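Here are a few short exercises to work through with the model open beside you. Try each task before reading its solution.

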Amino acid sequence: MTAAILGTGSYLPKKVLTNQDLEKMVDTSDEWITTRSGIKERRIVSERESWSSLATEAAKKALEMAQIEPEELDLIIAGTFTPDLRLPSGACLVQNNLKAYNAAAFDLAAACTGFIYGLTVAEKFIKDNPNIKALVIGAEVLSPITNWEDRTTCVLFGDGAGAAVVGKGEKKEKGILASYIGSDPTVWDLLCVPGGGSLHPLFKKGVPKEEYFIKMKGNEVFKYAVRYMEEVARIVLEKAGYSPKDIDWFIPHQANIRIINMVAKKLGIPQEKVFVNIEKYGNTSAATVPIALDEAVRVGFIKPGNLILLDAFGGGFTYGAILLRW
Ligand code: ACO
């Protein structure tokens, strides 16, 4: 028995922030951002939108594709570190919006790897009880914790949401074939938000305002991202008895086009099998993989029987990969 993705959905805020807009805000250029990251524009929430509104819209689309009613859900897992509130969880707010009152709901904090962590947890529940239907969300609203005066980070991030409904696969050979999650916390401070937690709560005296935003030593993080994304991809391929040449679609975390290209090259996966949409949305953390997966499904790139590799890396550091048969 396998756990399979029964439906996908995504939702992006309408407001677009282009590289040209950023040129007016910080000392940067479209040329620098494009060549260093591959990003041309990103989406930013409006006053009327929130983490839970984006996540709810993505969830509704995934439920519609899966032809599952909200009350049939047993489990809602939201990969995020930017829910609406400190308490309750974002997953509970989505549950309320959907009226999915029969589910257990919780958030899972694994930064950019949140969706893959969530999918891995859901897989275990379904293997334990094949009747379980789970909604796994990867959503992030990074704009409020982005330092719009720091050119080294503000050009990279965006807001967005993706989701997948997961349940028992129709056939043994359809669904998740292998999953693996891991973390390396030894260099956690290369990518963090120091303030706003219980250690440095909001309004604590003496904490500079920059501490409440994402801080990242980008060039250091880059090396770890390439290393762990390759490593974890090889682990799941080996677990399932496949090699990189068997993959039909590689859907990596969209943090930087150079990271994506380097990982694909190291694995020997040709460019035409790599799904990339970073130019439109930037790095939406836990949302990049489910948004990319949903786009690849809806445009018809992913076909029944395809072998798909999902692969992510993020703050923590966390990393994870999933190999699945569509
Ligand atoms: N515009 C112009 N110049 C800039 C900008 C900018 N926006 N940002 C930095 N620079 C300058 C730097 O100041 C530096 O100048 P200097 O040489 O005079 O000191 C120069 O450009 C090079 O800076 P680097 O940081 O070395 O540039 P790099 O090629 O490494 O690219 C980047 C930076 C895009 C951040 C890259 O390192 C990266 O993508 N890192 C990984 C990000 C990632 O994967 N994060 C993990 C997931 S995110 C999450 O978990 C939430």
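## Exercise 1: a pair of crossing helices

In this predicted model, α3 passes α4 in a right-handed crossing.

**Task.** Work out how α3 is oriented relative to α4, and which residues make the contact.

**Solution.**
- Step 1: Start with the geometry. Helix α3 covers residues 51-66 and helix α4 covers residues 90-98; they pack at an angle of about 55°, and their axes are 9 Å apart.
- Step 2: Classify the angle. That value makes α3 oblique to α4.
- Step 3: List the contact. From α3 come Trp51, Ser52, Ala55, Thr56, Ala59, Lys60 and Leu63, while α4 supplies Gly90, Ala91, Leu93, Val94, Asn97 and Leu98.
- Step 4: Sort by class. The contact of α3 with α4 has 8 nonpolar, 4 polar and 1 charged residues.

## Exercise 2: a second helix pair

**Task.** Repeat the analysis for α7 and α8, giving the angle, the handedness and the classes of residue in contact.

**Solution.**
- Step 1: Helix α7 (residues 218-240) packs with helix α8 (residues 257-267) at an angle of about 40°, with 9 Å between the axes.
- Step 2: Angles from 35 up to 65 degrees fall outside the parallel and perpendicular ranges, so α7 is oblique to α8.
- Step 3: The crossing of these two helices, α7 and α8, is right-handed.
- Step 4: On the α7 side you will find Phe222, Ala225, Val226, Met229, Glu230, Ala233 and Arg234; they meet Arg258, Ile259, Met262, Val263, Lys266 and Leu267 of α8.
- Step 5: By class, the contact of α7 with α8 has 9 nonpolar, no polar and 4 charged residues.

## Exercise 3: around the ligand

**Task.** Find the residues that come nearest to the ligand, then look up the distances for Arg151, Asn219 and Asn256.

**Solution.**
- Step 1: There are 24 residues around the ligand, and Thr28, Arg36, Cys112, Arg151 and Asn256 come nearest.
- Step 2: Check the backbone of Arg151. One of its N or O atoms lies 2.8 Å from a nitrogen atom of the ligand.
- Step 3: Turn to the side chains. An N or O atom in the side chain of Asn256 is 2.6 Å from an oxygen atom of the ligand. For the side chain of Asn219, the distance from an N or O atom to a ligand oxygen atom is 3.2 Å.

## Exercise 4: backbone features in the loops

**Task.** Locate the cis peptide bonds at Pro88 and Phe317, and the positive phi at Gln67.

**Solution.**
- Step 1: Leu87 and Pro88 are joined by a cis peptide bond with omega about 0°. Pro88 sits in the loop between β4 (75-79) and α4.
- Step 2: Gly316 and Phe317 are also joined by a cis peptide bond, with omega about -15°. Look for Phe317 in the loop between β12 (307-314) and β13 (318-325).
- Step 3: Gln67 is not a glycine, yet its phi is positive, about 55°. Its place is in the loop between α3 and β4.

Notes: Residues are numbered from 1 along each chain as its sequence is written. This is a predicted model: local features need pLDDT of at least 70, side-chain atom pairs count only at pLDDT 80 or more; totals for chains, interfaces and linings use all residues. Side-chain values use heavy atoms; hydrogens and water are left out. Axes are lines fitted to C-alpha atoms, for helices over the stretch in contact, and angles run from 0 to 180 degrees between N-to-C directions. Helices (H or I, at least four residues) and strands (E, at least two) are DSSP runs, numbered from the N terminus. Angles under 35 degrees count as roughly parallel, over 145 as roughly antiparallel, 65 to 115 as roughly perpendicular and the rest as oblique. A crossing is left-handed if the near helix is turned anticlockwise from the far one by less than a right angle, and right-handed if clockwise. Contact means heavy atoms within 4.5 Å. Ala, Val, Leu, Ile, Met, Phe, Trp, Tyr, Cys and Pro count as nonpolar, Asp, Glu, Lys and Arg as charged, and the others, Gly among them, as polar. A residue is near a molecule or strand if one of its heavy atoms lies within 4 Å of it. A polar contact is a pair of N or O atoms within 3.5 Å; within protein, one must be able to donate a hydrogen and the other to accept it, and residues adjacent in sequence count only if both atoms are side-chain atoms.
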